[in-house]
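Reader: I'd like to go through this model with you before I set anything up. Could you put it on screen, and then I'll ask as I go?

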Amino acid sequence: MNYPEQYLKQYRIQGAVNIDGSPCFTNSDSYPNFQDDIHSFKDLLLGAVQNGSQPLTFYKFGDGDYHFLNKSAIGSATPGKRALSKDYSQINHEQFVSGAQNCNFYTCEIYPENRNLFKQVITKEIDFPAEFGYGLVANKWLLKSFSGNIGIIGGEEKIKLIKKLMNSQEYQEYLGLEKFEDYISIPQKFACDDINKTELMIADQLKKSTSRIFLLGIGHVKSALLHRLPKHKNAIYLDVGSSIDAIAGIIDPGRPYFAGWTNHQIEDYDYSKIDLLQYNWDGNIKKIK
């Protein structure tokens with residue numbers, strides 16, 4: 001699949017295809033330094049992992065994070081849907097608000113509306129487009145560049161699925177990665193109900209881990225949890241959001257930079273247990289045993 005003709009070359013990431021319908025990808029003023037900054041982003045990660053002396057956290061902001069931090073019962077921020085089983089009044093919400101201000105770097109989609117929402121709930125500057133995380137998973141640069149040093153953090157059902165997929169040599173060859181060094185899981189749903197319990201669960205796993213960089217997609221619990229992870233393991237923590245769904249073979253190709261991705265799915269696997277973020281297209285699926 002090719003990029004739509006109207007999408008500017010300025011926003012292309014080699015080896016990935018974007019068909020997201022946002023008009024920002026047809027406007028050169030949306031993010032003029034896209035190409036220069038993706039090189040800076042890659043250099044930052046390569047240097048940080050090679051050096052290994054200082055942990056770093058990268059927080060990816062989306063509109064759902066605005067709703068959660070603003071206590072708006074919309075989408076994934078709705079109590080009872082995904083992040084919380086309780087009402088906001090029943091948790092220490094301030095831990096999430098304050099925690100979201102304490103990461104080292106922040107990424108956000110180049111959509112103007114999302115950048116405006118970011119400014120309303122986070123006091124830091126946006127360092128990089130979130131599209132870098134999507135595109136560098138989609139073209140496998142992140143997976144290949146850190147082979148032997150890379151782990152993954154996500155909801156427990158998706159982590160189980162990824163571990164099973166990685167038993168397939170065919171899938172290893174598709175990713176350009178023989179294995180993830182560590183598979184760290186959190187509860188698939190309602191991880192925000194008891195942040196201390198969730199932290200203990202992930203801390204126990206991190207203490208046994210060997211990875212220098214972790215790709216993570218853990219939903220709204222990241223606001224309170226992400227900045228705490230370095231005290232349990234000195235590593236780079238890169239929030240790539242829904243890119244974890246791609247690695248699990250369940251990404252909607254309409255998501256930014258994943259139109260060229262092939263979802264590898266296991267024959268006879270019970271996918272009903274998986275909490276799908278979105279999936280609206282039957283294309284680009286390869287069944288494996």
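Reader: Is Tyr257 buried or exposed?
Author: Keeping in mind that this is a predicted model, Tyr257 has a relative accessibility of 0%, and it counts as buried because the limit for that class is under 20%.

Reader: And where is Tyr257 placed in the chain?
Author: Tyr257 sits in the loop between helix H11 (243–247) and strand S8 (263–266). Its phi is positive, about 75°, although the residue is not a glycine.

Reader: What about Lys71, what is its phi?
Author: Phi of Lys71 is near 55°, which is again a positive value in a residue other than glycine. Lys71 belongs to the loop between H2 and H3, and with 49% relative accessibility it counts as partly exposed, because exposed would require over 50%.

Reader: Which residue with positive phi follows H5?
Author: That is Lys140, with a phi near 70°. Helix H5 itself, residues 131–138, is mostly covered, with eight of its eight residues buried; among them are Glu131, Phe132 and Tyr134.

Reader: Switching to the hydrophobic side, how many residues does the largest nonpolar core have?
Author: The largest nonpolar core has 60 residues, and those with the most contacts inside it are Leu45, Leu142, Phe180 and Leu215. Helix H1, residues 34–51, gives the most to this core, contributing six residues. Apart from it lies another core, of 37 residues, which includes Leu69, Ala100, Val221 and Ala224.

Reader: What does Phe180 touch?
Author: Setting aside residues up to four places away in sequence, Phe180 touches Leu143, Ile150, Gly151, Ile152, Ile162, Met166, Leu175 and Ile247.

Reader: Now empty space. How many cavities of 30 Å³ or more are there?
Author: The count comes to one cavity of 30 Å³ or more. The volume of the largest cavity is about 40 Å³, and its lining includes Phe41, Lys60, Thr107, Pro129 and Asp239. By class, that lining divides into five nonpolar, two polar and two charged residues.

Reader: And the second largest pocket, what lines it?
Author: The second largest pocket is lined by Arg12, Ile13, Gln14, Gln35, Ile38, His39, Lys42, Leu136, Asn139 and Trp141, and it holds about 150 Å³ of space. H1 supplies the largest share of the lining, four residues, while by class the lining has four nonpolar, four polar and two charged residues.

Reader: Back to the polar side chains, which side chain does Ser85 make a polar contact with?
Author: The side chain of Ser85 makes a polar contact with the side chain of Asp193, at 2.4 Å. Leaving aside neighbours within four places in sequence, Ser85 is in contact with Gly80, Phe190 and Asp193.

Reader: Where does Ser85 lie?
Author: Ser85 lies in the loop between helix H2 (63–69) and helix H3 (94–99), and its relative accessibility of 41% makes it partly exposed. From Ser85 to Phe96 there are 11 residues in sequence and 16 Å in space, C-alpha to C-alpha.

Reader: Last one, what does the side chain of Gln188 reach?
Author: The side chain of Gln188 reaches the backbone oxygen of Lys273 at 3.0 Å. Gln188 has its place in the loop between strand S5 (182–186) and helix H9 (195–206), and, not counting residues up to four places away in sequence, it touches Gly155, Glu156, Glu157, Lys273, Ile274 and Asp275.

Technical notes:
Residues numbered from 1 in each chain as written. Predicted model: local features only at pLDDT ≥ 70, side-chain atom pairs only at ≥ 80, totals over all residues. Heavy atoms only, no water. Helix = DSSP H or I, 4+ residues; strand = E, 2+ residues; numbered from the N terminus. Buried < 20%, exposed > 50% of the residue type's maximum accessible area, 1.4 Å probe, protein only. Contact = heavy atoms within 4.5 Å. Polar contact = N/O pair within 3.5 Å; in protein donor to acceptor, adjacent residues only side chain to side chain. 1 Å grid on protein atoms, 1.4 Å probe; cavity = no way out; pocket = protein on both sides within 12 Å on 5 of 7 lines; lining within 4 Å. Points joined across faces, edges and corners; volume = space filled by probe spheres on them. Nonpolar A, V, L, I, M, F, W, Y, C, P; charged D, E, K, R; others polar. Core = buried A, V, L, I, M, F, W, Y, C linked by side-chain atoms within 4.5 Å.
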